[in-house]
Amino acid sequence: MIYPRNFEQKVGFDQIRELIAEKCISPMGRRFTEKIRFSAKREVIENMLDQTVEFGQILSLGLPFPAKDYFDLREELAPLKTPGTYISQEALFRLRSSLETILEILRFFDEAEEGAFPELRKLAGEVFIPGELLPQADGIIDNKGEIKDKASDKLFEIRKAITARQRQVLREAQKAFTLAKKSGWVPKQAELTLRDGRPVIPLNAADKRALGGVIHDESATGQTVFLEPTAAFELNNEIRSLESEEGREIVQILTRFTDRLRPYLQHLSEAFRFLGLVDFIRAKALFAQKTNGVKPVFASGNYLKIKSAVHPLLLLSHRAQNKEVVPLDLELDENNRILVISGPNAGGKSVCLKTTGLLQYMLQCGLPVPASPNSEFRIFSRLFIDIGDEQSIENDLSTYSSHLLNMKHFLRHANAGTLLLIDEFGTGTEPQLGGSIAEAILEQLNKKEAFGLITTHYTNLKLAAERLPGMVNGAMLFDSKAMQPLYKLQIGKPGSSFAFEIAKKIGFPSYVLQRAKKKSGGKHVRFDQQLQQLETDKLQLSKKQSLLDTANESLSQMIEKYTGLVQKLEQERKQIIREAKQEALEIITGSNKAVEKTIREIKEAGADKEKTIMLRRQLADKKEQLQQESAKKPAKPEKRTAEKSPEPPVDFRPKPGDFVRVQDTDIIGELILTEGDTALLNVNEVRLKTAVEKLLPAGTAAKQTLPRHKRKKSIAVDLNEKAGCFALTLDLRGKRAEEALAILGSYIDDAIMLSIKEVRILHGKGFGILREVIREYLQSLPEIRKFGDAPLDQGGAGITVVIFK
């Protein structure tokens with residue numbers, strides 16, 4: 001049930017209907033648009049929404065869907081049920097074009113991927129077009145709407161004879177014209193012309209008897225007559241006879257085709273209805289694309305959650321002016337069914353009410369709504385609205401009387417499946433009495449468990465919403481410092497009307513406002529201002545808190561990354577030392593073997609001088625070889641696998657207050673709380689987020705083994721110091737390769753630790769050796785996304801720009 005009858009005009013749906021109709025190709029689609037109706041059946045609504053969403057997918061993918069020749073032939077086909085009747089030539093042409101379109105649509109869904117567009121496929125599956133109809137129509141009529149010569153053998157012969165006679169007529173007329181011109185009977189510069197489709201010769205009036213024939217016309221002066229030669233006249237009469245025979249044959253051809261068509265008239269009528277429905281669905285999909293319409297979630301219970309909703313007409317209007325629309329977030333449930341919205345005039349209360357009503361109505365008419373796809377809409381069986389001025393001189397109704405009649409209907413018909421929309425509740429009469437009546441009505445509507453949105457300025461209604469279960473206050477926020485509405489709904493607190501502030505902003509006389517403040521009571525005005533400003537400040541603080549939480553999380557990730565890098569570097573340092581020691585040991589062992597071998601050979605040679613010299617030379621060669629092996633090119637930093645920390649005990653379940661250590665790091669802190677798989681630690685007064693599975697018991701010994709300066713110095717301070725000293729350009733000009741690589745390795749590690757996105761390495765051009773060594777090293781680092789030469793005006797090949805992942 002929809003109330004009142006002009007509900008669509010009140011919420012703006014009549015304009016939505018017009019915008020959809022404009023996108024239809026055919027009158028059939030526009031007639032479907034006129035028939036859009038509200039439904040309370042979920043399966044019907046879902047079916048209409050799915051059809052529109054599927055067509056939206058076709059449009060989004062840019063698939064070649066037929067979009068022309070959407071003709072409705074149902075009126076022309078209806079009389080053909082009577083035997084002996086036949087289809088007109090024009091109707092046949094439009095029938096042929098429409099059949100082509102329908103068959104192309106059916107072919108589109110047949111050839112689409114399996115499982116795609118299920119609801120539209122279902123519609124197409126109900127359409128039947130006999131396969132022989134289109135080829136038969138093609139054989140009769142051409143692309144210009146003319147009957148083909150070969151539509152029948154007899155027609156072909158008739159037209160052949162007509163063409164032959166027409167050529168003969170032209171020859172006879174030309175022959176007679178040549179004779180008349182030679183004889184001087186034709187005016188100067190005159191030519192053969194036509195009258196009533198017949199070739200005639202212009203003759204001087206004085207010579208009209210000189211040439212046999214029929215006079216068809218004369219000039220305005222009467223000095224020239226237009227004569228058809230006798231031979232041409234007789235031939236033209238034959239042509240007229242043949243044309244009559246042609247017309248009779250065309251009727252016979254159309255009659256035979258209609259006889260074949262007649263058994264399928266019902267199928268064709270259904271096919272044309274399908275064509276109009278496709279046109280309508282396409283128009284709805286185009287409108288949904290234009291307004292960002294989506295299919296929301298259907299609520300599983302008696303609640304309504306609207307997220308990021310906008311009024312579609314307001315969206316289109318603001319988009320044309322390059323303005324943003326503030327989205328609406330709204331939630332109603334069984335505990336808070338009726339929302340009483342207060343706030344300043346022109347602050348968005350009525351827009352909020354209309355947006356909710358329009359989107360709910362659009363949804364239950366099968367139209368996608370401009371809101372978040374995560375919004376949850378319930379199905380209402382009744383939508384009631386009271387908005388605007390309904391006074392009527394004819395019906396002897398005042399504004400307030402019309403509101404009372406609406407409230408009477410609401411009280412009689414409202415139930416748990418009703419959505420009420422009441423604007424400026426209680427206005428139109430003496431405020432105290434109007435407010436009392438409105439409060440009593442509100443209590444009764446609340447008892448009926450109806451859902452609703454109500455806007456008001458009355459304090460008693462705001463107090464009732466706080467007092468009565470099932471109701472809740474809401475406010476349209478207003479920035480009293482900037483003196484402008486925020487157009488944002490906040491549920492939970494009532495709003496202020498800001499009458500004095502708005503009057504001041506529009507330039508109302510200040511002395512009048514001062515007088516009004518004294519009459520209203522200054523305390524009330526100041527309290528109202530403070531209350532609303534507190535709400536505005538609360539909203540701003542909430543945004544800042546959100547930013548701080550984001551920054552804190554980023555800092556936690558950076559600290560964990562930093563400590564991981566420190567431990568990784570320490571492990572790599574120990575590994576390098578172990579490898580160096582092992583290499584030194586191998587060198588010493590090799591040297592000892594060479595010396596012992598030399599001594600043994602000297603003794604065996606009996607200290608022969610030449611033999612001794614030769615052995616000393618061999619020992620010197622061995623020494624030189626060992627020196628060369630020890631003087632190796634500095635090793636490039638490599639990624640090494642960190643040693644795994646011991647797994648936490650199976651039964652280890654840390655509690656708030658426990659000291660824990662983060663796995664694979666030296667971080668030790670106090671556990672503040674756990675939320676699901678995430679833990680929050682206090683590490684030197686810095687809050688660190690990490691996974692619960694990474695926590696290990698710290699133990700007293702582990703805490704005591706931490707150096708005193710590490711316990712005192714905050715990791716965050718260390719990071720800040722590094723960030724403050726970090727330069728985005730590293731100058732390696734004049735450095736040797738091994739020295740440059742050592743500096744570069746440390747610099748890159750710091751950049752990764754500080755989450756730097758881009759740095760520059762200044763190495764100069766020269767012979768390009770240092771550049772190649774640096775880039776070979778950079779190529780080995782997985783943390784680097786890409787690197788290359790700087791722009792020519794910024795150093796070109798002398799600078800390497802490094803961009804991190």
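Arg 165 is partly exposed, with a relative accessible area of 27%. In this predicted model, the Arg 165 side chain meets that of Glu 238 in a salt bridge, with an N to O distance of 2.7 Å. The pair links distant parts of the chain: Arg 165 belongs to helix 9 (residues 153–182) and Glu 238 to helix 10 (residues 230–261), and the two positions lie 73 residues apart in the numbering, as counted from one to the other. Glu 238 also counts as partly exposed, at 36% relative accessibility.

This pair belongs to a broader set, as the structure holds 26 salt bridges. Another of them joins Arg 771 and Asp 789, whose closest N and O atoms are 3.2 Å apart. Here Arg 771 sits in helix 25 (residues 769–779) and Asp 789 in strand 23 (residues 784–789), so the salt bridge ties together a helix and a strand through residues that are 18 apart in sequence. Arg 771 is partly exposed, its relative accessible area being 24%, and Asp 789 is likewise classed as partly exposed, at 41%.

The salt bridge between Asp 72 and Arg 74 offers a further case to look at, with the side chains meeting at 2.9 Å, N to O. Asp 72 has a relative accessible area of 18% and is therefore buried, since buried means under 20%. Its partner Arg 74, in turn, counts as partly exposed, at 28% relative accessibility. Beyond these pairs, salt bridges also form a network, in which Arg 42, Glu 46, Asp 50 and Lys 295 are linked.

Attention now turns from charged side chains to helix packing. Helix 7 (residues 118–125) packs with helix 11 (residues 265–291) at an angle of about 160°, and the two axes are 10 Å apart. Because angles over 145 degrees count as roughly antiparallel, helix 7 and helix 11 are described as roughly antiparallel to each other. Their crossing is left-handed. On the helix 7 side, the contact is made by Leu 120, Leu 123 and Ala 124, while helix 11 contributes Phe 274, Leu 277 and Ile 281. The residues of this contact comprise six nonpolar ones, with no polar and no charged residues among them.

Conventions:
Residues numbered from 1 in each chain as written. Predicted model: local features only at pLDDT ≥ 70, side-chain atom pairs only at ≥ 80, totals over all residues. Heavy atoms only, no water. Axes fitted to C-alpha atoms, helices over the stretch in contact; angles between N-to-C directions. Helix = DSSP H or I, 4+ residues; strand = E, 2+ residues; numbered from the N terminus. Parallel < 35°, antiparallel > 145°, perpendicular 65-115°, else oblique. Left-handed = near helix turned anticlockwise from the far one by under 90°. Contact = heavy atoms within 4.5 Å. Nonpolar A, V, L, I, M, F, W, Y, C, P; charged D, E, K, R; others polar. Salt bridge = Lys/Arg side-chain N within 4 Å of Asp/Glu carboxyl O. Buried < 20%, exposed > 50% of the residue type's maximum accessible area, 1.4 Å probe, protein only.
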